[in-house]
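Please open the model in your viewer and keep the sequence panel beside it, since the tour moves from one selection to the next.

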Amino acid sequence: MDGGVQRGTQVRKALALGAKAVGLGRYYLFPLGAAGQPGVERALDLMRIEIERAMKLMGCRTVAELQRRHLRFR
């Protein structure tokens, strides 16, 4: 999936809905322009932290545990 993903919670949702991979597309461009490679590394680290936090709140320890039943639809 690649559709303007900007937050870790969006990655989590896509994976729970069956995506095999999630592309971050332009997510890294602003950090790259502002701080170069260290900026991109920091942005990716923040994304990883957000994904891990969201998974912990759902009670999932691994990506393989993410399932559609973990999501709430309005």
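For the first stop, a convention on residue classes is needed: Ala, Val, Leu, Ile, Met, Phe, Trp, Tyr, Cys and Pro count as nonpolar, Asp, Glu, Lys and Arg as charged, and the others, Gly among them, as polar. Keep in mind throughout that this is a predicted model.

**The largest pocket**

Select Arg12, His70, Leu71, Arg72 and Arg74, which together line the largest pocket. By the classes just given, this lining divides into 1 nonpolar, 1 polar and 3 charged residues. The space in the largest pocket amounts to about 160 Å³.

**The whole chain**

Now clear the selection and display the complete protein, which has 2 helices and 0 strands. Taken along the principal axes, the box filled by its C-alpha atoms is roughly 40 × 20 × 20 Å. If you colour by burial, buried residues will account for 28% of the 74 residues. If you switch to a surface view, the accessible surface comes to about 5,600 Å², and 54% of that area belongs to carbon and sulfur atoms. As for how the chain meets itself, 39% of the contacts between residues at least 6 apart in sequence join residues at least 24 apart.

**Helix α1**

Select residues 8-16, which form α1. Is this helix enclosed or not enclosed by the rest of the structure? Of its 9 residues, 7 are buried, so α1 is largely enclosed by the rest of the structure. To see them, pick out Gly8, Thr9, Val11, Arg12, Ala14, Leu15 and Ala16, the buried residues of the helix. Bring α2 into view as well, for the buried residues of α1 pack against it. Just after α1, stop at glycine 18, where the backbone takes a positive phi of about 110°.

**The loop between the helices**

Continue along the chain to glycine 23, which lies in the loop between α1 and α2. Its relative accessibility is 24%, and it therefore counts as partly exposed. A distance drawn from here to glutamate 52, which is 29 residues away along the chain, gives a C-alpha separation of 17 Å.

**Helix α2 and alanine 54**

Next select residues 29-58, the span of α2, and centre the view on alanine 54 within this helix. Alanine 54 is buried, because its relative accessible area of 10% falls under the 20% cut-off. Beyond its neighbours up to four places away in sequence, alanine 54 touches Thr9 and Arg12, both of which are among the buried residues of α1. For a sense of distance along the helix, compare alanine 54 with glutamine 37: the two are 17 residues apart in sequence, and their C-alpha atoms are 26 Å apart in space.

**Methionine 55**

Move on to methionine 55, also in helix α2. Which residues does methionine 55 contact once its neighbours within four places in sequence are left aside? They are Cys60, Arg61, Thr62, Val63 and Leu66. Methionine 55 is itself buried, with a relative accessible area of 7%. A line drawn from methionine 55 to arginine 12 spans 7.3 Å, C-alpha to C-alpha, although the two residues are 43 apart in sequence.

**The largest nonpolar core**

Keep methionine 55 displayed and add Val11, Met47, Ile51, Cys60 and Leu66, which with Met55 are the residues that have the most contacts inside the largest nonpolar core, a group of 13 residues. The elements that give two or more residues to this core are α1 and α2, and the largest share, 5 residues, comes from α2. In soluble globular proteins, nonpolar side chains tend to be buried together.

**Valine 63**

For the last stop, select valine 63, which is found in the segment after α2. Is valine 63 buried or partly exposed? With a relative accessibility of 45%, valine 63 counts as partly exposed. Leaving out residues up to four places away in sequence, valine 63 touches Leu15 and Met55, and of these Leu15 belongs to the buried set of α1 while methionine 55 lies in α2. A final distance, drawn between the C-alpha atoms of valine 63 and glutamine 10, is 13 Å for two residues that stand 53 apart in sequence.

Key: Residues numbered from 1 in each chain as written. Predicted model: local features only at pLDDT ≥ 70, side-chain atom pairs only at ≥ 80, totals over all residues. Heavy atoms only, no water. Core = buried A, V, L, I, M, F, W, Y, C linked by side-chain atoms within 4.5 Å. Buried < 20%, exposed > 50% of the residue type's maximum accessible area, 1.4 Å probe, protein only. Helix = DSSP H or I, 4+ residues; strand = E, 2+ residues; numbered from the N terminus. Contact = heavy atoms within 4.5 Å. 1 Å grid on protein atoms, 1.4 Å probe; cavity = no way out; pocket = protein on both sides within 12 Å on 5 of 7 lines; lining within 4 Å. Points joined across faces, edges and corners; volume = space filled by probe spheres on them. Areas by Shrake-Rupley, 256 points an atom, 1.4 Å probe, with all protein chains shown as cover.
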